[in-house]
Amino acid sequence: MRIIKNVSEMQSFANSLRAKDEKISFVPTMGFLHEGHLSLVEIAQNNSTFVVVSIFVNPTQFGPNEDFDSYPRDFERDKSLLEAKGVDVLFAPTKEEFYSENHLTYVQNGSLSDFLCGNSRPNHFRGVTTVVSKLFNTVKPHIAVFGQKDAQQVLIIKKMVQDLNFDIEILVGEISREKDGLALSSRNKYLSEVERKDALVLSESLGLAEKMIFDGERNSELVISKMTDLILEKQTARIDYAEIVSSESLEKIDFLKGEILIALAVFIGKTRLIDNKIIKL
Ligand code: AMP
């Protein structure tokens with residue numbers, strides 16, 4: 001596996017691959033890798049001839065009081081995992097390499113970032129679309145793979161690709177979970193033993209909502225209120241949001257029909273976790 005830390009080296013390597021008709025797929029990550037990330041790598045491998053994974057903890061998507069500094073990092077472990085998986089290139093620039101001191105330009109997105117995580121993380125998606133654009137222009141992939149775990153991110157990236165004419169196909173991987181249902185996340189590392197148990201309530205409340213809906217409930221408020229009750233039984237839990245929205249526009253829906261996204265962000269202690277489920281009615 002070749003490791004590249006420099007933007008211009010990555011760009012010229014991508015040019016040489018394209019000249020040889022390689023099909024480049026790309027999995028952007030912030031590192032501290034888990035099986036969820038590796039499942040995206042498998043999708044990339046199955047759909048291309050050359051796989052690039054990036055590790056970059058992107059400062060512009062973190063708010064001032066968020067966990068940029070403490071975000072878990074373990075480059076050597078990540079490197080071994082990717083090597084063992086057969087990844088071709090690991091692109092891992094430093095913050096200074098990737099953002100010049102006088103960086104001025106941001107990719108602003110419209111209404112999709114006003115909902116869900118956008119409410120509690122005001123500039124988060126602007127940071128995401130900016131870094132993903134920069135990564136796309138550096139890695140020059142034909143295909144990029146994102147996880148459904150970040151459902152709102154997937155929608156925003158797909159819209160950006162369409163609106164800005166990026167010639168890149170976006171593939172989406174399912175949410176990878178622990179055996180007991182907890183969605184894999186680099187941030188799970190922050191959880192104490194008690195919090196780890198309480199964190200299960202995210203997937204449990206999604207299961208409860210799904211069951212209510214399958215049993216015929218169509219009143220969104222009622223479903224959310226049952227989910228909320230279940231979550232708040234846990235001492236360490238504080239709800240950031242629990243919503244049922246259109247899976248396309250992310251607007252709230254009262255009477256459940258069509259394709260719906262049940263989306264959750266819950267603080268377990270100090271750790272903010274997200275999870276979601278799509279249901280087609
Ligand atoms: P991150 O390193 O958290 O920025 O995530 C990098 C990519 O992995 C994003 O596209 C995420 O949506 C995806 N991802 C994170 N957790 C999971 C998971 N449990 N299952 C599948 N994909 C995931």
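**Exercise 1. Strand 2**

Task: In this predicted model, determine how many residues of strand 2 are buried, and which residues lie on each of its faces.

Solution: Begin with the count, for which a residue is called buried when its relative accessible area is under 20%. Six of the six residues of strand 2 meet this condition, so the strand is largely enclosed by the rest of the structure. Next, separate the faces, using the rule that in a regular strand the side chains alternate between the two faces of the sheet. On one side of strand 2 stand I24, F26 and P28, while S25, V27 and T29 stand on the other, and the residues of both sides are all buried. Finally, look at the pairing: strand 2 runs parallel to strand 3, residues 50–55, and six bridges join the two. Within this pairing, F26 has V52 of strand 3 as its bridge partner.

**Exercise 2. The ligand shell**

Task: Establish which residues come nearest to the ligand, which polar atoms of G147, D150 and S176 face its oxygen and nitrogen atoms, and which elements supply the shell.

Solution: The shell consists of 17 residues, among which H37, G147, D150, S176 and L184 come nearest to the ligand. Taking the polar atoms in turn, a ligand oxygen is 2.6 Å from an N or O atom in the side chain of D150, and a ligand oxygen is also found 2.9 Å from a polar backbone atom of G147. A nitrogen atom of the ligand, in turn, is 2.8 Å from a polar backbone atom of S176. As for cover, the ligand taken alone exposes 490 Å², of which the protein buries 92%.

The next step is to assign the shell to secondary structure: strand 2 (24–29), helix 2 (35–46) and strand 5 (143–147) each supply at least two of its residues, and helix 2 gives the most, with three. By residue class, the shell divides into seven nonpolar, seven polar and three charged residues.

**Exercise 3. Helix 6**

Task: Compare the span of helix 6 with the expected value, and state how many of its residues are buried.

Solution: Helix 6 covers residues 124–139, which makes 16 residues, and from its first C-alpha to its last it reaches 22 Å, close to the 22 Å expected at 1.5 Å a residue. Of these 16 residues, 13 are buried, and the helix is therefore described as mostly covered. Just after the helix, K140 takes a positive phi of about 50°.

**Exercise 4. Strands 8 and 9**

Task: Describe how strand 8 and strand 9 are joined, and decide whether D275 is buried or exposed.

Solution: Strand 8, residues 259–268, and strand 9, residues 271–280, run antiparallel and are joined by 10 bridges. The two strands form a hairpin with two residues between them, and G269 in the turn has a positive phi of about 65°. Across the pair, A265 stands opposite I274 of strand 9. Strand 9 is mostly covered, with seven of its 10 residues buried. D275 is found in this strand, and because its relative accessible area is 3%, D275 counts as buried. Its side chain is joined to that of R177 by a polar contact of 2.9 Å.

**Exercise 5. A loop residue**

Task: Locate V87 in the chain and classify its accessibility.

Solution: V87 is found in the loop between helix 3 (75–85) and strand 4 (89–91). Its relative accessibility is 5%, so V87 counts as buried. The C-alpha atom of V87 is separated by 8.1 Å from that of Q45, although the two residues are 42 residues apart along the chain.

Definitions and conventions: Residues numbered from 1 in each chain as written. Predicted model: local features only at pLDDT ≥ 70, side-chain atom pairs only at ≥ 80, totals over all residues. Heavy atoms only, no water. Near = heavy atom within 4 Å. Polar contact = N/O pair within 3.5 Å; in protein donor to acceptor, adjacent residues only side chain to side chain. Areas by Shrake-Rupley, 256 points an atom, 1.4 Å probe, with all protein chains shown as cover. Helix = DSSP H or I, 4+ residues; strand = E, 2+ residues; numbered from the N terminus. Nonpolar A, V, L, I, M, F, W, Y, C, P; charged D, E, K, R; others polar. Expected span 1.5 Å × (residues − 1). Buried < 20%, exposed > 50% of the residue type's maximum accessible area, 1.4 Å probe, protein only. Pairing = 2+ DSSP bridges.
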